[in-house]
Amino acid sequence: MGFEAAQPKLDMVLRRLEQSDALEALQDFITELRDAFGVNHLVYHWVNGNGDQYGCGTYDPAWVQRYLDQGYLRIDPVVLGCFQRFHPVDWKQLDWSSKAARAFQKEAIAYGVGNQGYSIPIRGPNGQFALFTVSHSCDDEAWAEFCVSSRRDLILVAHFFNQKALEFEPGRLPEQGHALSPREVDAMTLLAVGYSRAQAAKALEISEHTLRVYIESARFKLGALNTTHAVARALSRGLIVV
Amino acid sequence: MIRYLYADQLAREPALQHEMFRDRADQFGRRLGWNVTVDSQGEERDAYDGEHPLYVLWQSADGGHGGSMRFLPTTGRTMVNDHFSHLTGGGRIESPLIWECTRFCLSQGAGGQVAAALMLAGGEIMRNFGLRHFVGVFDARMVRIYRRIGASPEVLGSAGTGRKRVSVGLWEFSEAARAQVATSAGLSPAQSAHWFDRAFGGPPHLAVSA
């Protein structure tokens, strides 16, 4: 089915997502992210400690209505299997053995959800729980290949999307975290002026392994999928000066 | 046997859960003299046990606890970020691709094989969930054990002295390290993969991950 290298496209969408200040725009962004990943569907769903819910995604609205009307939240193996977890889950790993679950799956496929799915559970602050899910129609081998090659991008995009959605939560206090640590600033600065990882590690008198951890953490805090994008963000936000 | 149990799953096996928290009290409280909280049941718990962590346990043939460790994603509350940021670059280490590993515990009499089995399990987690690093907190004597079984962390720094010395370190896992740790554990990689699949439900994965 040919999943293409998604990172450049994803990065463009992520940069615009970051600047967005309208909750309604998330629906458009999720469609664009779906296209960038080259899958049939992408869905985001969150619940907070007060039981408030929000969702957006590319499923057929008739399926979403059907899901809500039937109260499928109670039997959906994806929701049941991901709650209180923090590892990514291939739908094949879930328990579909009950009669209700099998009927639910059959119906979901009839509504075009697809026979394959991969869900990223996200734990936010104060009991917030969200699921970021891709689904598709293809054989097991192609799906396994997609999941292995895309899962890190999916995990990162899931968290970036969740952070954005949380900004729109009613009564939300301003985000305090995500500041780069002094060592992360050092690492990004050296990469920005063209040092290789080995040179940067040497200059900072740390190992390359430690440097990789600082880069990984900085990449996440900067909302970027790879190091090049992370350096560009750090520069454009004035977090590093070269 | 290697078990992978989130907090709610472990709570459904009260005998195993009790042994793990009791062995933690024995290791961190009695043997190492750390300032830990032990309740009237003799169980050691801290605030991070309340964060719905994932525990990895070695369960012996008689069903008992041989050793264990605790994982949490660094995107949430972690011991490293709350207490050891001075050792990790002066700020939070934060990424869904970096998990924290703490409370690495061996029951009295458990040796390098159990430690190796747990590290093998750490490798399974990293491989199968697309993670890049673990950042861990461990007592200083573990450094020697980790080295012996072929799973040396890179130590970022240490605090305290003597038995109370605590180190913070980083792990990555290569296929070569996996083979060596499996040998130290006396387990085949296939056996390890089987236990992982049993816990997390069947394999979507290809033989070698990205």
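In what sense do strand β3 (residues 89-90) and β4 of chain A pair, and over how many bridges? They pair in the antiparallel sense, over 2 bridges. One of the partnerships is between A:D90 and A:Y118, the latter in β4(A). Before going on, note that this is a predicted model.

I will stay with β4(A) for a moment. On its pairing with β5 of chain A, residues 129-136, there are 8 bridges, again in the antiparallel sense. Within that pairing, A:P121 has A:L131 of β5(A) as its bridge partner. The hairpin formed by β4(A) and β5(A) has 5 residues between the strands, and A:N126 there takes a positive phi, near 55°.

Is β4(A) buried or exposed? Strand β4(A) covers residues 116-123, and 8 of its 8 residues are buried, so the strand is largely enclosed by the rest of the structure. In a regular strand the side chains alternate between the two faces of the sheet. For β4(A), one side carries A:Q116, A:Y118, A:I120 and A:I122, and the other carries A:G117, A:S119, A:P121 and A:R123; all of these are buried, and both faces are covered. Note that A:R123 is on that list of buried residues.

Now the sheet as a whole. It is an open sheet of 5 strands in chain A, with the order β2-β1-β5-β4-β3 and antiparallel pairing. The edges are β2 and β3 of chain A, each of which pairs on one side only. At the β2 end, β1(A) and β2(A) share 5 bridges in the antiparallel sense. There, A:V43 has A:G57 of β2(A) as its bridge partner.

Next, a helix in the same chain. Helix α2(A), residues 25-37, has 13 residues and reaches 19 Å from first C-alpha to last, close to the 18 Å expected at 1.5 Å a residue. Which of its residues are buried? They are A:L26, A:I30, A:L33, A:A36 and A:F37. These residues cover an arc of only 120° around the axis, which puts them on the same side of α2(A). As a general point, an α-helix has 3.6 residues a turn, so residues three or four places apart point the same way. The cover over the buried residues of α2(A) includes α1 (7-19), β1 (41-47), β2 (53-57), β5 and α6 (140-167) of chain A. Three of the sheet strands just described, β1, β2 and β5, are therefore among the elements that cover this helix. After α2(A) comes A:G38, with a positive phi near 70°.

Turning to chain B. This chain has 7 helices and 7 strands, in the sequence pattern β-α-α-β-β-α-β-α-β-α-β-β-α-α. The C-alpha trace spans about 45 × 40 × 30 Å along its principal axes. With 210 residues, a compact globule would have a radius of gyration near 17 Å, and chain B agrees with this at 16 Å. Of the 210 residues in chain B, 47% are buried. Among contacts in chain B with a separation of 6 or more, 65% are between residues 24 or more positions apart.

Last, the contact between the two chains. How many residues does each chain give to the contact? Chain B gives 33 residues and chain A gives 37. On the chain B side, β5 (133-139) and β6 (154-159) each supply at least two residues. That side of chain B divides into 14 nonpolar, 13 polar and 6 charged residues.

Note on methods: Residues are numbered from 1 along each chain as its sequence is written. Chains are lettered from A and ligands numbered from 1 in the order in which they are written. This is a predicted model: local features need pLDDT of at least 70, side-chain atom pairs count only at pLDDT 80 or more; totals for chains, interfaces and linings use all residues. Two residues are in contact if their C-beta atoms, placed from the backbone, lie within 7 Å. Helices (H or I, at least four residues) and strands (E, at least two) are DSSP runs, numbered from the N terminus. Ala, Val, Leu, Ile, Met, Phe, Trp, Tyr, Cys and Pro count as nonpolar, Asp, Glu, Lys and Arg as charged, and the others, Gly among them, as polar. A residue is buried if 20 or more other C-beta atoms lie within 10 Å of its own, exposed if 12 or fewer, and partly exposed in between; C-beta atoms are placed from the backbone. Two strands pair if DSSP finds at least two bridges between them. The radius of gyration is taken over C-alpha atoms; the globule rule is 2.2 Å times the number of residues to the power 0.38. The expected span of a helix is 1.5 Å times one less than its number of residues. The arc is that of the directions from the helix axis to the C-beta atoms.
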